[in-house]
Amino acid sequence: MATGYLYHELFGWHDTGTNAGLLPADHRAGIQPLQHFENAETKRRIHELVVVSGVIDQLTRLEPRKATDEEILLVHTEEHLARIAAESEQPKGGDSGDGLSPFGPGGIEIGRLAAGGMIEATTAVVEGRVDNAYALIRPPGHHAEPATGRGFCMFANLAIAARAIRRTHGVERIAVIDWDVHHGNGTQKTFWEDRDTLTISLHQDRVFPPDSGFITERGEGAGFGYALNVPLPPGTGSGGYLSAFDRVVGPAIDRFRPDLILVASGFDANATDPLSRQGLTSSTYRTMTERLLDLAATHCDGRLAMSHEGGYNPVYVPFCGLAVIEALAGVTEPLADPYEPIFGAMAGLELQPHQTALLDQVVPLLDDIH
Ligand SMILES: O=C(CCC1CCCC1)NO
Ligand SMILES: [Zn+2]
């Protein structure tokens with residue numbers, strides 16, 4: 001199994017400042033300065049664990065490049081690109097659009113590298129240079145909508161790669177699975193009317209954005225039925241996620257018969273994440289990856305590419321990221337996750353009746369996938 005792996009030190013230099021995780025430090029409001037939740041640490045520590053564990057030796061290293069204006073405009077408006085470019089010229093940089101997503105001077109160049117990195121990873125998979133790939137990129141992308149950045153995201157990295165690979169390689173049916181704990185609103189919005197792009201988002205109900213990700217959001221026009229949302233209750237662990245795979249993700253992909261599977265891979269559904277309340281451990285991320293590898297083998301010669309999104313506990317997220325990359329590479333003796341016995345022992349992580357009740361509402365929607 002040849003697995004492509006893309007990372008660059010510049011991703012660690014995307015500067016989100018000291019907005020105390022979300023809000024600007026302000027002593028009058030009692031907000032103390034602290035590095036932003038979306039900082040380099042977690043991504044850098046995933047990379048270092050991939051190296052120190054030795055898994056790096058089983059990977060095919062891919063190099064990012066900067067996405068062009070033309071590629072970015074496959075998804076985004078001219079106004080959004082122009083605004084990011086203008087703010088990137090400011091002495092202290094700017095914000096991607098919602099005041100929660102800062103970047104430093106010249107930050108657009110790192111944003112281009114993230115989007116271009118996912119294009120390169122996807123292209124390497126489609127051209128068969130690797131069987132599958134993981135793009136460990138930053139800033140993330142799945143909240144970025146055509147007209148604005150949002151939720152720490154500057155450009156819609158995965159959506160741009162999907163449109164780019166369709167244009168350069170004629171890939172038709174693309175299935176996007178978003179297992180980041182937050183709703184993949186940007187990807188959904190981009191492909192809202194597109195029946196050739198199936199978007200499936202597994203997220204914690206209304207954790208962010210609070211106004212999207214409902215079961216009733218199904219797409220529009222030709223795209224109706226090709227947006228699927230699974231708003232899982234807070235506290236959902238491996239039981240709920242794997243049941244969602246059994247009852248929704250697998251059957252939806254079987255009906256859709258994709259030519260390529262893309263994943264918005266955030267690890268913030270992990271049991272220790274500061275920005276959510278789910279209960280996953282590395283073993284579930286490994287199992288979900290294995291399920292997608294099987295589906296990709298069945299439908300599209302194993303073509304599977306992943307775009308890094310969220311995940312904010314620098315201690316534990318590296319083990320979740322390593323588990324996914326080990327699964328992609330078919331590592332036979334994976335590194336034991338020393339935290340699994342601790343974080344996997346919590347009560348309530350098996351499938352719960354209220355989670356089954358939620359999935360019961362989503363399953364009938366698959367009938368509209370043809
Ligand atoms: O990880 C993220 C960012 C979520 C935050 C954006 C503002 C509050 C929560 N999205 O996937
Ligand atoms: Zn997230």
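Below are a few worked exercises on this predicted model.

Before you start: residues count from 1 along each chain as its sequence is written, and chains are lettered from A and ligands numbered from 1 in the order in which they are written. In this predicted model, local features need pLDDT of at least 70, side-chain atom pairs count only at pLDDT 80 or more, totals for chains, interfaces and linings use all residues, and side-chain values use heavy atoms, with hydrogens and water left out.

**Exercise 1. Confidence**

Task: Find the mean pLDDT of the protein, and the ipTM and pTM of the complex.

Solution:
- Start with pLDDT, the predictor's confidence in each residue, from 0 to 100. Its mean is 98 here, and 100% of the residues reach 70 or more.
- Then take the complex: the predictor gives an ipTM of 0.99 and a pTM of 0.99.

**Exercise 2. The zinc site**

Task: Work out which residues hold the protein donors of the zinc ion (ligand 2), and where D180 and D268 lie.

Solution:
- Fix the cut-off: donors are N, O and S atoms within 2.8 Å of the metal (3.2 Å for Na, K and Ca), and water is not among the atoms, so sites may look incomplete.
- List the atoms. D180 gives OD twice, H182 gives ND1 and D268 gives OD, at 2.0 to 2.7 Å from the zinc ion.
- Write the spacing in sequence: D-x1-H-x85-D.
- Place the two aspartates. D180 sits in the loop between β6 and α6 and D268 in the loop between β9 (260-265) and α8, so the pair ties together parts that are 88 residues apart in sequence. Helices (H or I, at least four residues) and strands (E, at least two) are DSSP runs, numbered from the N terminus.
- Check burial: D180 and D268 are both buried. Buried means under 20% relative accessible area, exposed over 50%, partly exposed in between (1.4 Å probe, protein chains only).

**Exercise 3. Empty space**

Task: Describe the largest pocket and the cavities by volume and lining.

Solution:
- Set up the grid. On a 1 Å grid over the protein atoms alone, a cavity is a set of points where a 1.4 Å probe fits but cannot get out, while a pocket is an open set with protein on both sides within 12 Å along at least five of seven lines; lining residues have an atom within 4 Å of a point. Points are joined across faces, edges and corners, and a volume is the space filled by probe spheres set on them.
- Take the largest pocket, at about 220 Å³. Its lining has 17 residues, with L22, F152, H182, F208 and L275 nearest its centre. H182 also turns up among the zinc donors.
- Count the cavities of 30 Å³ or more: there are 2.
- Look at the largest cavity, about 50 Å³. β7 (197-204) gives the most to its lining, with 3 residues. By class, that lining has 3 nonpolar, 6 polar and 1 charged residues. (Ala, Val, Leu, Ile, Met, Phe, Trp, Tyr, Cys and Pro count as nonpolar, Asp, Glu, Lys and Arg as charged, and the others, Gly among them, as polar.)
- Finish with the second largest cavity, about 30 Å³. Here α9 (317-329) supplies the largest share of the lining, 4 residues. The classes are 4 nonpolar, 1 polar and 3 charged.

**Exercise 4. Helix α4**

Task: Check the span of α4 (residues 107-126), then decide whether α4 is largely enclosed or not.

Solution:
- The expected span is 1.5 Å times one less than the number of residues. For the 20 residues of α4 this should be 28 Å, and the end C-alpha atoms are 29 Å apart, which agrees.
- Of those 20 residues, 18 are buried, so α4 is largely enclosed by the rest of the structure.
- Just past α4, G128 has a positive phi of about 80 degrees.

**Exercise 5. Backbone oddities**

Task: Locate the cis peptide bonds at P139 and P209, and the positive phi values of F152 and D301.

Solution:
- Recall the baseline: most residues other than glycine have a negative phi, and most peptide bonds are trans.
- R138 and P139 are joined by a cis bond, with omega about 5 degrees; P139 is in the loop between β5 (132-135) and α5 (157-169).
- F208 and P209 are joined by a cis bond too, with omega about -15 degrees, and P209 lies in the loop between β7 and β8.
- F152, not a glycine, has a positive phi of about 80 degrees. F152 lies in the loop between β5 and α5 and is buried, at 10% relative accessible area.
- D301, not a glycine either, has a positive phi of about 50 degrees. D301 is in the loop between α8 and β10 (304-308) and is exposed, at 66%.
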